[in-house]
Amino acid sequence: MIPQVVESVQGAWRKSVSMEASAYLPDSKTRSERKIPVMTDLLSLKPNTANGQAIYKQACPVCHQVNKEGFDFGPNLTEIGSKYPKEGLLKSIVHPSEGISFNSEGYELKMKDGSTLTGIIASKTAAEIILKFPGGSRQNIKTADVKSSRQLKVSMMPERLYEAMSDQELADLLDYLANLKKKQ
C-alpha cells in the first residue's frame with residue numbers, strides 16, 4: 001500500500017509532505033516525469049477491461065467507491081461511464097484540478113492549537129465539522145477549535161497518477177471506467 005499512500009499525498013499543499021512521502025519509494029530518486037498520454041494513442045491500443053478493473057482495485061479504492069467497494073472520499077465511480085466518455089475520464093485523471101466534483105472540494109482547516117488538517121468536509125453544523133480523509137477515516141472537529149478554513153484550489157486527487165501506468169494500463173483502466181454505467 002506504500003505506493004498508493006505516497007500517491008495520495010502527492011498533491012499535498014505542503015511540498016515537504018509529498019517529498020518526504022516519496023522517499024519511502026525504492027525508486028524515488030530515479031522517477032522521471034512521463035509525458036501526458038494522448039487519447040488517440042490510447043485508443044489505438046486494444047483495452048483489457050479485466051486488467052483495467054485490477055488496476056482500479058490496486059490504485060483507486062483508497063479514495064473512490066465502485067458498487068460500495070472502496071472508501072467514500074472522492075467521487076463515487078459506480079456509474080462514471082454514464083457521465084463521461086473515455087476522453088473525459090482521461091482528462092479527470094491527468095488534470096484532476098480542472099473539474100473538482102461538487103462535495104469533493106478539499107479544505108484546509110487551521111486549528112487554534114497551531115495544527116493544520118486537510119480533507120473533504122463530510123458535514124458541517126454550527127458546532128461541529130466532520131472531515132474525511134483518504135482511506136475512509138473521519139475526524140469530528142469542534143467548530144470552536146477552528147481558527148480558519150479555506151477551500152483548496154487544487155483537487156485532493158494527486159496529480160501525475162498516470163505516470164505510474166503504462167499507456168496500455170491506462171487504456172485498460174479507461175475501458176473499465178467507461179463501462180461503469182447505469183443499469184437499465
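**Notebook: helix packing around α7**

I began with the pair α6 and α7, whose axes come within 10 Å and cross at roughly 120°. I am working from a predicted model, and I keep that in mind throughout. An angle over 115 but not over 145 degrees falls outside both the perpendicular and the antiparallel class, and I therefore entered α6 and α7 as oblique to each other. I also noted the hand, and α6 passes α7 in a right-handed crossing. Listing the residues that make this contact, I found Lys 86, Leu 89, Leu 90 and Ile 93 on α6, facing Leu 170, Leu 173, Leu 174, Asp 175, Leu 177 and Ala 178 on α7. Sorted by class, the contact of α6 with α7 holds eight nonpolar residues, two charged ones and no polar residue.

Next I looked up which residues of α6 are buried, and I recorded Gly 88, Leu 89, Leu 90, Ile 93 and Val 94. The cover over these buried residues of α6 includes α7, and also α3 and α5 (80-83).

I then turned to the second partner of interest, α4, whose axis comes within 7 Å of that of α7, with a crossing of roughly 95°. Since 65 to 115 degrees is the range for the perpendicular class, α4 and α7 are therefore roughly perpendicular to each other. From α4 the contact takes Thr 49, Asn 51, Gly 52, Gln 53, Ile 55 and Tyr 56, and from α7 it takes Glu 169, Asp 172, Leu 173, Asp 175, Tyr 176 and Leu 177. I counted the classes here as well, and the contact of α4 with α7 divides into five nonpolar, four polar and three charged residues.

Within this contact I singled out Ile 55, which lies in helix α4. Is Ile 55 buried or exposed? Its relative accessibility is 9%, under the 20% limit, and so I counted Ile 55 as buried. Leaving aside residues up to four places away in sequence, Ile 55 touches Met 165, Glu 169, Asp 172 and Leu 173. Ile 55 and Leu 173 are separated by 118 residues in sequence, yet I find their C-alpha atoms 6.4 Å apart in space.

My next entry concerns the largest nonpolar core, which has 22 residues, and of these Tyr 56, Leu 90, Leu 170, Leu 173, Leu 174 and Leu 177 touch the most other members. At least two residues of this core come from each of α3 (39-43), α4 (49-59), α6 (86-94) and α7 (167-178). Which helix gives the largest share of this core? I found that α7 does, with seven residues.

I followed Tyr 56 further and, again not counting residues up to four places away, listed its contacts as Pro 61, His 64, Gln 65, Val 66, Glu 69, Leu 77, Leu 173, Tyr 176 and Leu 177. There is also a second, separate core of 10 residues, and I noted Tyr 107, Leu 117, Ile 121 and Val 146 among its members.

Last, I set these entries against the whole chain, which has seven helices and seven strands, arranged along the sequence as α-α-α-α-β-β-α-α-β-β-β-β-β-α. Of the 184 residues in the protein chain, 38% are buried. Among contacts with a separation of 6 or more, I noted that 62% join residues 24 or more positions apart, and I filed the pair Ile 55 and Leu 173, with their positions 118 residues apart in sequence, beside that entry.

Key
Residues are numbered from 1 along each chain as its sequence is written. This is a predicted model: local features need pLDDT of at least 70, side-chain atom pairs count only at pLDDT 80 or more; totals for chains, interfaces and linings use all residues. Side-chain values use heavy atoms; hydrogens and water are left out. A nonpolar core is a set of buried Ala, Val, Leu, Ile, Met, Phe, Trp, Tyr and Cys residues joined through side-chain atoms within 4.5 Å. Buried means under 20% relative accessible area, exposed over 50%, partly exposed in between (1.4 Å probe, protein chains only). Helices (H or I, at least four residues) and strands (E, at least two) are DSSP runs, numbered from the N terminus. Contact means heavy atoms within 4.5 Å. Axes are lines fitted to C-alpha atoms, for helices over the stretch in contact, and angles run from 0 to 180 degrees between N-to-C directions. Angles under 35 degrees count as roughly parallel, over 145 as roughly antiparallel, 65 to 115 as roughly perpendicular and the rest as oblique. A crossing is left-handed if the near helix is turned anticlockwise from the far one by less than a right angle, and right-handed if clockwise. Ala, Val, Leu, Ile, Met, Phe, Trp, Tyr, Cys and Pro count as nonpolar, Asp, Glu, Lys and Arg as charged, and the others, Gly among them, as polar.
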